[in-house]
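Notebook open, viewer open. I'm jotting down what I look up as I go.

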Amino acid sequence: MTAFPADRPAPEQAEQARAALTALRHEVAKAVVGQEETVTGMVVSLLCRGHVLMEGVPGVAKTLLVRAVSTALSLDHKRIQFTPDLMPGDVTGSMVYDSRTANFEFHEGPVFTNLFLADEINRTPPKTQAALLEAMEERQVTVAGEPSPLPDPFVVAATQNPVEYEGTYPLPEAQLDRFLLKLVVTLPDRGHEVDMLGRHAHGFDPGDLDAAGLRPVAGAEDLRAARAAVAATSVTPDVLAYIVDICRATRSSPSLQLGASPRGATALLRTSRAWAWLSGRDYVTPDDVKALAKATLRHRVSLRPEAELEGATSAGVLDGVLASVPVPG
Ligand SMILES: Nc1ncnc2c1ncn2[C@@H]1O[C@H](COP(=O)(O)OP(=O)(O)OP(=O)(O)O)[C@@H](O)[C@H]1O
Ligand SMILES: [Mg+2]
């Protein structure tokens, strides 16, 4: 096994962080019925300092989920509805004249938070999208030549409606690659929906998570310890090669016009390690890679128009790739 050089946190501290992050999933479930995969995806991205794209029709608890996760982690969160007239400064902040001091001062925009919910990012023009993507990449905002660092953690959860409305600005492929994971928030199954409605019938108020019994169970300290533990997980050369083979197979798939980039391969390594650690191990298995491959790669590949016409989906093609690439023994 190749151990990566990293400061390994004290074992008790890492254990405590893992217990706290496991408890987080139970805590969020007090408000959100089902959607476990999405919750796990958000935890993985917090561990990897990555951003998530959430795709789902309206009303499937995307906003509720982000609020519940930030409450359970005692993190600050802010939300912006992206609209066609939103300006870059509405996201990042702007210089405001202060008549007392006769100076311009920087007023922080809503992006200065831990968990930033960017609702319907595809409804805002490219200039405003670019301002957010720049903040995501650089973890700072530069106004009038002055950089202001964003807090840590800083994770953007951007939502995108799968239905292509008129007047939307789909994110270009090169920018989709900036999101660590794409989480597809699906409609609940019948049982979950009945359960959800039952809670409402018994007085659950989504506006009052406190009353629902949701408490902070983990914090920034746990995240720091957890990240250090994730960075200390080991990966064999076989597993590294498996990740590369999966990405290479997407590049030669006849259904895809664009396969996963090397950045996609590094993303899959990061998410697999986080998942391995969350699952209680300090080494990555091929199954960890498989578990995160679709969420990590689905938005980094694009279908050929012919394949799309025939009803192929990125997820379906990735299933085929995972089935065809030999798994190291
Ligand atoms: N899985 C669920 N568990 C609990 N409540 C749910 C669930 N799905 C939907 N709801 C209920 O539906 C309401 C709407 O959810 P929410 O506003 O979070 O959806 P959304 O996906 O953000 O929608 P939009 O795309 O319109 O912003 C929630 O406040 C909650 O009452
Ligand atoms: Mg919402």
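Started with ligand 1: 16 residues sit around it, and Pro-58, Lys-62, Thr-63, Leu-64 and Pro-206 come nearest. For "around" I use a C-beta atom, placed from the backbone, within 6 Å of the molecule. Helix H3 (residues 62-72) gives the most to this shell, with three residues. By class I get nine nonpolar, five polar and two charged residues in the shell. My classes: Ala, Val, Leu, Ile, Met, Phe, Trp, Tyr, Cys and Pro are nonpolar, Asp, Glu, Lys and Arg are charged, and the others, Gly among them, are polar.

Note to self on the source: this is a predicted model, where local features need pLDDT of at least 70 and side-chain atom pairs count only at pLDDT 80 or more, while totals for chains, interfaces and linings use all residues. Residues are numbered from 1 along each chain as its sequence is written, and chains are lettered from A and ligands numbered from 1 in the order in which they are written.

Next, the domains. The assignment, which is an automatic or database one, gives domain 1 (8-218) and domain 2 (233-329). Their centres, taken over C-alpha atoms, are 24 Å apart. Each domain puts 16 residues into the contact, where contact means C-beta atoms, placed from the backbone, within 7 Å. On the domain 1 side, helix H1 (11-28), helix H2 (36-48), helix H6 (173-176) and strand E9 (181-184) each supply at least two residues. H2 has the largest share there, five residues. That side has 11 nonpolar, one polar and four charged residues. Helices (H or I, at least four residues) and strands (E, at least two) are DSSP runs, numbered from the N terminus.

Checked the record too: UniProt, in an unreviewed entry, puts "domain: ChlI/MoxR AAA lid" at residues 248-314. Its positions are in the numbering used here, with feature names shortened, and annotations may be inferred rather than shown by experiment. I get 58% helix and 7% strand for that span, with its end C-alpha atoms 15 Å apart.

Then the loop between H2 and strand E1 (52-55), where I found Gly-50. Is Gly-50 buried or exposed? It counts as buried, because it has 21 C-beta neighbours inside 10 Å. The cut-offs, with C-beta atoms placed from the backbone: 20 or more others within 10 Å is buried, 12 or fewer is exposed, and in between is partly exposed. Beyond its neighbours within four places in sequence, Gly-50 touches Ser-45, Leu-180 and Leu-181. Arg-49 is in this loop as well; its phi is near 55°, positive in a residue other than glycine. With 15 C-beta neighbours inside 10 Å, Arg-49 comes out partly exposed.

Followed E1 into its pairings (at least two DSSP bridges between strands). E1 runs parallel to strand E8 (residues 155-160) over four bridges, with Val-52 opposite Ala-157. E1 is also parallel to E9 over four bridges, and Met-54 has Leu-183 as its bridge partner there.

Last stop, the hairpin of strand E3 (residues 93-98) and strand E4 (residues 103-108): antiparallel, six bridges. Asp-98 pairs with Asn-103. Ala-102 has a positive phi near 55°, and four residues lie between the strands. None of the six residues of E3 is buried, so E3 lies largely in the open.

One oddity to log: the peptide bond from Asp-152 to Pro-153 is cis, omega near 0°.

Definitions and conventions:
Two residues are in contact if their C-beta atoms, placed from the backbone, lie within 7 Å.
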